[in-house]
Structures are given as C-alpha cells and as structure tokens.
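Let's learn to read a protein model together, one feature at a time. Take a look at the picture before we start.

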Amino acid sequence: MNAPDAPAAFFPFDNSFARLPDRFFAKLPPTPVPEPRLIRLNDALAGELGLDADRLRTPDGVAVLAGNAVPGGADPLAMAYAGHQFGNWVPQLGDGRAILLGEVVAGDGERRDIQLKGSGRTPFSRMGDGRAWVGPVLREYIVSEAMAALGVPTTRALAAVSTGETVVREAALPGAVLTRVARSHIRVGTFQYFAARRDEEALTLLTDHVIGRLYPDCAAEENPVRCFLDKVVARQADLVARWMAIGFIHGVMNTDNMSVAGETIDYGPCAFMDTYHPATVFSSIDAGGRYAYQNQPYIAHWNLTCLAQALVPLLDADQEKAIAEGQAAVDAFPDAYGTAFLAALRGKLGLREAQDDDAALAQDLLTTMAENQADFTLTFRGLCSIAEAGQASEADTADPVRTLFKDPTAFDAWLARWHARLASEAGDADARAAAMRQVNPAFIPRNHRVEEVIAAAVIDSDFGPFERLMTVLSAPYDDQPNRSAYADPPKPEEVVQATFCGT
Ligand code: AMP
Ligand code: MG
C-alpha cells in the first residue's frame with residue numbers, strides 16, 4: 001500500500017506473467033534514452049484503462065513511457081518465444097526490442113499488458129539494436145488505433161515518445177518508443193518455444209495461465225486444452241475475416257506474430273489495399289508473396305496447425321488421440337472462416353437474409369473490381385449511397401462508383417443483379433444504407449497518408465499530419481465532408497509500392 005500522501009501509481013500493476021518460472025522470460029529494465037519527448041498520448045485509452053493521463057504527460061510520466069524510469073509495481077521483462085518466420089523454424093526469438101512492464105486490470109475487468117516497444121537490447125536481441133525508429137512506431141500507432149476504431153480486435157497504442165537518439169537503418173533515423181497495450185503478448189510461438197524444448201511442465205503452466213487469463217470458461221470443460229484450442233481457432237477465423245472485409249494486409253503473419261488472444265498484433269510492413277487485387281503484397285521482405293492478401297486465411301490455418309502441434313502433449317495422454325483432437329480443432333477453421341467472411345460480405349452488400357447465390361454475387365463483384373482496378377474501400381462505400389437512393393435514381397448515384405472501374409460498363413451488369421437481389425428481400429432503403437455504412441468504412445489508413453505522416457515527422461519533426469490523420473481515423477464510418485481528401489486513393493505518383501519492415 002502507498003502511504004496516503006504518496007503520489008498515485010502510474011499503473012496499478014498486477015503481474016501474473018512475471019510470476020511464472022524464470023525460463024519464461026529474461027527480467028531486465030528498459031534501456032534509458034537521451035532526450036524523451038512525448039509525441040502523442042492516447043487519452044481515450046488511458047481513460048479506459050483507469051490511468052491518469054495528465055500524470056503520464058508530466059516529465060516523470062514521459063520518463064516512464066520512454067523507459068527511463070521503471071514505474072512502481074512494474075516487473076520489467078522480455079518474453080521468450082520461438083516461431084516460424086516465413087515458414088522456417090527459428091527455435092529462439094523472444095522480445096528483442098520490447099519490455100513488458102506489467103499488467104493492469106482495466107475498468108472492464110479485463111487484464112491488459114503494458115509493453116514498451118523499441119526499449120533497448122535484451123538477451124533475445126541477437127544482432128538487433130533493440131530500438132525502433134519513428135516510422136514503424138507511427139505506423140503501428142496509426143494502424144492499430146484505426147483497427148480499433150474500425151471494430152477489429154487489436155493491440156492498442158497508449159503512447160509514442162521520441163528518444164532523441166539516432167537509429168541506423170537504411171539511413172540514420174530518429175528513434176522512438178511505442179507503449180503497446182494487449183490482452184496478452186503470448187503468441188503461437190510462445191507455445192512452440194516450450195514444445196520444441198519438450199518442456200511439458202512449462203507448456204502446462206503456460207496453457208493454464210492462458211486459460212485462466214483469456215479463456216476462463218474452458219477451465220470447467222472436460223478437456224480444457226481442446227476447448228482453448230477451439231476458441232483460438234474460432235477467434236482467429238473471425239479476426240482474419242474482419243481483416244479481409246476491410247482490405248487489411250498484415251504482411252508478416254509468422255507464428256510469433258499471431259496472438260493466442262485473437263488480437264491483431266505486431267504491425268510491421270502492414271497496409272490497407274487501395275486498388276483491389278487479391279494477390280496484393282506490400283512487405284518488401286515478402287518476395288514470394290506468402291503473406292499476400294488472399295493467402296491470409298490459409299496462413300492463419302497453417303499457424304493454428306503449429307499451435308495444435310505444440311499442444312499435442314497436453315491434448316490427451318494417448319498421443320494418437322491427442323493428434324486427432326488437435327486435427328479436429330484445426331479442421332474447423334476453413335468453415336469458421338468461410339462463414340465469417342460470407343457474413344461480412346453480406347453485411348457489406350446490405351443483404352439481411354442469406355440466399356444461396358450470395359457468395360457468387362459477392363465474388364463476382366470482387367472479380368470485376370480486380371479486373372478493373374477499382375478501389376476497394378470507395379467501391380463498397382459507394383454502394384451504400386446507391387442502396388440509399390434505390391434503383392429509381394440509379395444513374396446519378398451509381399456514377400461515382402462506375403467511374404472507379406476502368407470499364408464502367410463492367411460494373412453495370414453486376415449492379416443490375418445486386419438491385420434484383422435487394423428487391424428480393426424486405427427492408428427500408430435508408431435503414432439498409434445506414435447498416436451498410438457501419439461496416440463499409442469511408443476512411444482507412446491509406447498507405448500514402450501513413451507515408452506522408454512519417455516523412456513529415458522525420459524530415460521536419462512535424463507531427464501535425466499525424467494528429468490530423470488520427471482525428472480522421474477515429475471515426476472511420478462517418479462521412480466527414482470537410483476531410484474528404486483523406487478518403488481519396490493515392491494519385492499515381494503517390495502509390496506506395498512496398499512497405500519496409502523497418503524494425
Ligand atoms: P518481428 O517479425 O518484427 O515481429 O520480429 C522478429 C524478431 O526479431 C523478434 O524476436 C524481435 O524481437 C526481433 N527484432 C526485430 N527488430 C529488432 C531490433 N531492432 N532489435 C532486436 N531485436 C529485434
Ligand atoms: Mg514480432
């Protein structure tokens with residue numbers, strides 16, 4: 001207990017992961033930086049977590065967010081994990097540039113990790129410097145908060161701080177630290193780490209820890225481990241369907257970058273698609289297109305197989321039965337994903353009832369978009385206005401969507417089919433359009449805008465563009481007429497071809 005006149009703690013920490021055995025982590029503090037300066041604090045998130053945002057803005061608070069001071073109650077550590085990177089097994093990865101300060105139980109009763117990313121070297125850094133430059137820190141801040149506003153499960157960004165230190169990457173770049181908040185930082189790779197070491201005791205402790213924290217309902221089940229695996233499969237199917245429905249490309253879906261909490265985690269070379277094409281890849285390190293947009297459900301399925309394999313020793317005492325349990329759990333993924341994605345597409349098209357041809361209707365639109373280089377976000381947002389106007393005034397309202405297609409007549413045939421489909425079910429046009437606008441965003445973090453923000457920060461130390469983009473993205477489903485330029489796709493010279501890992 002604090003003395004009555006002691007200042008309130010920055011974080012009301014209760015650190016359950018730190019109470020696990022030593023082989024789960026390396027305990028060490030973050031490495032101080034020369035000149036911490038707050039770039040942005042997420043007041044809304046601080047409020048949700050029950051934190052004192054004003055105190056976090058003081059020099060003492062910024063020192064904590066930069067890793068220059070360890071706050072009371074923290075038990076700082078770097079987590080151990082392994083993983084498959086681009087399909088290749090790496091027996092030891094771990095937090096090489098991140099420190100888990102501790103956990104807080106938020107107002108909603110849910111436990112959250114508070115982690116500093118870019119906080120200096122750890123025993124898991126290998127050849128890396130343990131640092132981050134301001135580009136990836138701003139990208140993660142922007143995209144993770146945009147995802148949260150879009151309603152997609154994700155880690156959050158509590159703060160970004162510049163360090164006053166230079167980080168050497170493709171060039172000498174300004175350093176930064178991100179404060180990340182997650183339901184847990186435990187990954188598929190955390191399970192693989194212990195499974196590969198045949199450390200069944202640790203695997204059991206880890207599984208019990210995760211069930212207790214994230215899937216407490218499973219504890220009472222006959223086979224809690226199977227229940228846990230089923231739930232991770234279900235959450236991941238739902239998550240990837242949500243990504244696909246908004247054109248999000250993660251970029252590095254390695255097993256160490258897949259959370260068992262079902263949140264999007266580790267925003268590296270991620271980006272949203274502008275022009276729709278299923279084979280779109282942004283990551284400069286993904287030459288083979290393993291993590292292309294259209295491959296994401298397959299990769300999630302593959303990663304879940306890795307989790308099931310790691311859990312085999314715990315799924316049943318009989319190995320054959322254990323393998324069958326794991327296989328059955330993972331086999332549920334394709335249907336779970338297919339159902340979730342089709343439901344998302346129905347929502348995007350304003351279809352309330354399920355009819356047999358819905359998947360074909362949606363697929364034919366996507367194919368026409370791909371063939372005609374239509375903008376993914378603008379096409380679906382434009383459909384909301386067409387649905388609102390109804391078939392009668394089609395000519396005027398359809399034009400903004402038609403012109404997104406290289407050959408506008410390619411869209412006309414599909415449009416006629418869609419109108420016929422809408423007419424086949426009851427429903428008021430205004431209500432349908434309103435519902436469609438809740439799932440078809442007007443604003444996404446367009447890659448050229450993210451790059452513009454990063455360039456202003458690096459070249460001019462100007463964070464104005466960052467603030468303006470964050471304002472727009474806080475209400476992605478609202479029409480914001482005075483900010484409509486942020487809805488625009490890039491001009492040809494603004495198109496970003498590749499997004500660098502930039503670690
Ligand atoms: P990622 O795929 O970016 O999530 O990172 C893969 C692995 O590389 C993780 O173990 C990271 O901690 C580590 N890593 C990435 N960047 C750095 C860095 N600058 N310094 C030390 N370790 C790093
Ligand atoms: Mg990672």
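Here is a short conversation about salt bridges, a metal site and a pocket in this predicted model.

Q: How many salt bridges are there, and what is the idea behind them?

A: Side chains of opposite charge can pair when their charged atoms come close. In this model the count comes to 40 salt bridges. One of them joins Glu-140 and Arg-180, with the closest N and O atoms 3.1 Å apart. This pair links distant parts of the chain, since Glu-140 sits in helix α4 and Arg-180 in strand β10, 40 residues apart.

Q: Is Glu-140 buried or exposed?

A: Buried means under 20% relative accessible area. Glu-140 has 2% relative accessibility, so it counts as buried. Arg-180 is at 1%, so Arg-180 counts as buried too.

Q: Where do Asp-230 and Arg-226 lie?

A: They are four residues apart in helix α7, so about one helical turn separates them. Their side chains meet in a salt bridge of 3.0 Å, N to O. Asp-230 is partly exposed, with a relative accessible area of 28%.

Q: Which residues coordinate the magnesium ion?

A: Asn-257, through OD1, and Asp-266, through OD, coordinate the ion at 1.9 to 2.1 Å. Both Asn-257 and Asp-266 are buried.

Q: Where does the second largest pocket lie?

A: Domain 2 (189–342) and domain 3 (353–503) both give residues to its lining, so the pocket lies between them. Its volume is about 380 Å³. Among the 19 lining residues, the closest to the centre include Met-244 and Tyr-337. By class, the lining has 15 nonpolar, four polar and no charged residues.

How values were computed. Residues numbered from 1 in each chain as written. Chains lettered and ligands numbered in written order. Predicted model: local features only at pLDDT ≥ 70, side-chain atom pairs only at ≥ 80, totals over all residues. Heavy atoms only, no water. Donors = N, O, S within 2.8 Å, 3.2 Å for Na, K, Ca; no water. Buried < 20%, exposed > 50% of the residue type's maximum accessible area, 1.4 Å probe, protein only. 1 Å grid on protein atoms, 1.4 Å probe; cavity = no way out; pocket = protein on both sides within 12 Å on 5 of 7 lines; lining within 4 Å. Points joined across faces, edges and corners; volume = space filled by probe spheres on them. Nonpolar A, V, L, I, M, F, W, Y, C, P; charged D, E, K, R; others polar. Domains from an automatic or database assignment. Salt bridge = Lys/Arg side-chain N within 4 Å of Asp/Glu carboxyl O. Helix = DSSP H or I, 4+ residues; strand = E, 2+ residues; numbered from the N terminus.
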